[in-house]
Amino acid sequence: PTSTEISAAPQPQTFFYTLDNNVLTTEQRQFYEDNGYLLIKKLVSDEDIERFRKEFVRICKREVRPPGAMIMKNEALRSQYGQSENVVNKVQDFQEDEELFRYCTLPEVLRYVECFTGPNIMAMHTMLINKLPDSDQQTFVHPMHQDLHYFPFRPAARIVCSWTAMERADQDNGCLVVQPGTHKLPLKPHGYPTWEGKTNKLFHGLLEEDQKIPKVHLVMEKGDTVFFHPLLIHGSGINRTPGFRKSISCHFASSECYYIDVKNTTQEHLEKELVEMAHKKFNMTSVELKDIWNFRARLVKGERINL
């Protein structure tokens, strides 16, 4: 063949971060490859979101007490509002609450998750965030960070976060902010930010942030869902409105992922902090980071292999 004929032949595209399963279009796969996230409009129904909201309110009122869940509150507001959604800003590790955990098993969500993890899917980390109205003290701001900082399992490309807006999220109420393309960077050192005002426990951020990388505010409507890579640098801003900004999310991983030893890595200090918290909360005398993640993890599809 001549050189003209060779160059005209279609070249097979190489995708590193998505898998072949005919769910995503070529354009969607390329967008995720380039940017590290993909937004799917109106993926979760209003009916499901209303059920999650009602269960969250029940948890706030202590009508339901999911075992192992971490309920994060602004204690300063309790005297004013008592036990209510005006005080609770996060329910983390809701894997034992069957109503909230339904989110992690929704077929419409798993259909997309499988594009990143493959068929054997573990739900590893669950959160319902209720971003409360805030001041300039930045009480509920999560600084720019990479989620892989928290995870002692690899490979990163087989982990994905599914994050669903439970109401409109925009710049006024502190929507997600991402730095497209940063999923191609290595895991960077994280720690507590040096800003003034209160910092929430375990809200680690990048120790050095590259201000030259452009930021994109992900404006999302109720039910919109963004899937993003665990190395994508992202955060969220202040809620300057009088209302709440709720979202529900899960980090999924292929059960074929494997645990790593984080000693002598940038994640070592995180392990110490989490182990200390486990000692206090559960009175566990001997615990490793892997044990904490084994407790959180639940199989949602396929076969449990390593995790």
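Four strands make up an open sheet in this predicted model. Their order is S5-S13-S8-S11, and the pairing is antiparallel. Strand S5 (142-145) and strand S11 (216-217) stand at the edges. Each has a single partner strand, so one side of each is left without a neighbour in the sheet. For S11, the antiparallel partner is S8 (residues 176-178), and two bridges join them. Val178 is matched with Val216 of S11 as its bridge partner.

Now turn to the aromatic rings. The whole structure holds nine aromatic pairs. One of them joins Tyr32 and Phe116. Their centres are 4.5 Å apart, and the planes meet at 45°, a tilted arrangement. This pair links distant parts of the chain. Tyr32 belongs to helix H2 (residues 26-35), Phe116 to helix H6 (residues 107-117), and 84 residues separate them. Tyr32 is buried, because its relative accessible area is 1% and the cut-off for buried is under 20%. Phe116, at 0% relative accessibility, is buried too.

A further pair brings together Phe52 and Tyr103. Here the centres lie 6.0 Å apart and the planes stand at 85°, so the pair is edge-to-face. Phe52 sits in helix H3 (residues 46-60) and Tyr103 in helix H5 (residues 98-105), so the pair ties together parts that are 51 residues apart in sequence. Both Phe52 and Tyr103 are buried.

Tyr32 and Phe116 also take part in a cluster. Ring pairs connect them with Tyr112 and Phe227.

Charged side chains meet rings as well. Arg296 lies over the face of Trp293, 4.5 Å from the ring centre. Over the ring of Phe101 sits the charged end of Arg298, at 4.0 Å from the centre.

Last comes a loop residue, Leu19. Leu19 is found between helix H1 (3-8) and H2. Is Leu19 buried, partly exposed or exposed? Its relative accessible area is 27%, so Leu19 counts as partly exposed. Leu19 and Glu114 are 95 residues apart in sequence, yet 8.0 Å apart in space from C-alpha to C-alpha. Beyond its neighbours within four places in sequence, Leu19 is in contact with Arg29, Glu114, Cys115, Phe116, Thr117, Gly118 and Arg158. Among these contacts is Phe116, the ring that pairs with Tyr32.

Conventions:
Residues are numbered from 1 along each chain as its sequence is written. This is a predicted model: local features need pLDDT of at least 70, side-chain atom pairs count only at pLDDT 80 or more; totals for chains, interfaces and linings use all residues. Side-chain values use heavy atoms; hydrogens and water are left out. Two strands pair if DSSP finds at least two bridges between them. Rings of Phe, Tyr and Trp (its six-membered ring) pair if their centres lie within 6.5 Å; planes under 30 degrees apart count as stacked, over 60 as edge-to-face and the rest as tilted. Buried means under 20% relative accessible area, exposed over 50%, partly exposed in between (1.4 Å probe, protein chains only). A charge sits over a ring if NZ of Lys or CZ of Arg is within 6 Å of the ring centre and within 35 degrees of the ring normal. Contact means heavy atoms within 4.5 Å.
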